[in-house]
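Q: I've just opened this model and I'd like to learn how to read it. Could you take me through it step by step?

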Amino acid sequence: KDELERAENLGKRGLQIVENLSKKENVSGDLKFLHSNLLLLLGKILHAKDEFNKAFKYYDDAVNMCETNAVALHYLGIINLHLRNYKEAEKNFEKVLKYTKVDKDSVSERR
C-alpha cells in the first residue's frame, strides 16, 4: 500500500509539472501524449487500489486528452466492465481495435 501511495503522489506531481508546462507553452502533440499517459498512470495506480470511480475519471481524462490512446481506452473499457457499463465498455474496446494495428493473421494463429 505504501508503494502505491508513493507512486500516486509522484504521478500527481508529474501531472502538475506537465499541466504547468501546458499553460506556459503551445501544447505540442508530444506534451499532450505525455499528459495523457500520466493520467493513465494515475488511473492504473488507483485501479490497483480498487478505487474504481477515481480510476475511471483518470482513464476518461486520458482519453479526452488523447483520443487515440489505445491503452487508456483499454483500461477505460475494463473499468466500464467492472462498473457494469457494458455498452460503454464495448465502445471503448471497439476504439482500441480502431487505434491499434493488429495483424489479423497473427490473431487467427493464436486461436
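A: Happy to. Let's begin with burial: of the 111 residues of the protein chain, 32% count as buried. Keep in mind that this is a predicted model.

Q: How many helices and strands does the protein chain have?
A: Counting these elements is a good way to get your bearings. Here there are six helices and zero strands, so the pattern along the sequence reads α-α-α-α-α-α. As for contacts, residues 24 or more positions apart make up 47% of those with a separation of 6 or more.

Q: Which helix has the lowest mean pLDDT, and which the highest?
A: First, the general idea: where pLDDT is low, the predicted coordinates should not be read in detail. In this chain, helix α6 (residues 104–110) has the lowest mean, 48, and helix α5 (residues 86–99) has the highest, 95. Over residues 106–111 the pLDDT is below 50, and that stretch has one contact in the model beyond near neighbours in sequence. The chain as a whole averages 84, with 86% of the residues scoring at least 70.

Q: Let's look at α5, then. Which of its residues are buried?
A: When you read a helix, look for its sides. An α-helix has 3.6 residues a turn, so residues three or four places apart point the same way. In α5, the buried residues are Ala89, Asn92 and Val96. Seen down the helix axis, the buried residues of α5 fall within an arc of 60°, so they line one face. The face turned away from that buried side carries the exposed residues Lys87, Leu97 and Lys98. Part of what covers the buried residues of α5 is α4 (70–82).

Q: How far does α5 reach from its first C-alpha to its last?
A: The trick is to compare the span with what 1.5 Å a residue would give. α5 has 14 residues and reaches 20 Å, close to the expected 20 Å. α4, with 13 residues, reaches 18 Å, close to the expected 18 Å.

Q: What covers the buried residues of α4?
A: The cover includes α2, α3 and α5. The buried residues themselves are Ala70, Ala72, Leu73, Leu76, Gly77, Ile79 and Asn80.

Q: Which residues touch the most other members of the largest nonpolar core?
A: To read a core, find its best-connected members and then see which elements feed it. Of the 19 residues in this one, Leu15, Tyr58 and Tyr59 touch the most other members. Helices α1 (2–24), α2 (29–48), α3 (52–65) and α4 each supply at least two residues of the core. Take Tyr59: leaving aside neighbours within four places in sequence, its contacts are Leu40, Gly43, Lys44, His47, Ala72, Tyr75, Leu76 and Ile79.

Q: And charges? How many salt bridges does the whole structure have?
A: A search finds eight. For each one, ask where the partners sit. The side chains of Lys49 and Glu8 meet at 2.5 Å, N to O. This pair links distant parts of the chain: Lys49 is in the loop between α2 and α3, while Glu8 is in helix α1, 41 residues apart. Lys49 is buried, at 9% relative accessible area, and Glu8 is buried too, at 7%.

Q: Where in the chain do Asp61 and Lys57 sit?
A: They are four residues apart in helix α3, which means they are separated by about one helical turn. Their side chains form a salt bridge at 2.7 Å, N to O. Asp61 counts as partly exposed, at 24% relative accessibility. Elsewhere, salt bridges that share partners join Glu5, Glu8, Lys12, Lys49, Glu51 and Lys54 into one network. One of the bridges pairs Glu51 with Lys54, at 3.4 Å, N to O.

Q: One last feature: backbone angles. Where is Asp50, which has a positive phi without being a glycine?
A: When you meet a positive phi, check the residue type and then the place. Asp50, with a phi of about 60°, is in the loop between α2 and α3. At 54% relative accessibility, Asp50 counts as exposed. Arg84 is another non-glycine residue with a positive phi, near 65°. Arg84 lies in the loop between α4 and α5 and is exposed, with a relative accessible area of 63%.

Terms used:
Residues are numbered from 1 along each chain as its sequence is written. This is a predicted model: local features need pLDDT of at least 70, side-chain atom pairs count only at pLDDT 80 or more; totals for chains, interfaces and linings use all residues. Side-chain values use heavy atoms; hydrogens and water are left out. pLDDT is the predictor's confidence in each residue, from 0 to 100. Contact means heavy atoms within 4.5 Å. The expected span of a helix is 1.5 Å times one less than its number of residues. Buried means under 20% relative accessible area, exposed over 50%, partly exposed in between (1.4 Å probe, protein chains only). The arc is that of the directions from the helix axis to the C-beta atoms. A nonpolar core is a set of buried Ala, Val, Leu, Ile, Met, Phe, Trp, Tyr and Cys residues joined through side-chain atoms within 4.5 Å. A salt bridge is a side-chain nitrogen of Lys or Arg within 4 Å of a carboxyl oxygen of Asp or Glu.
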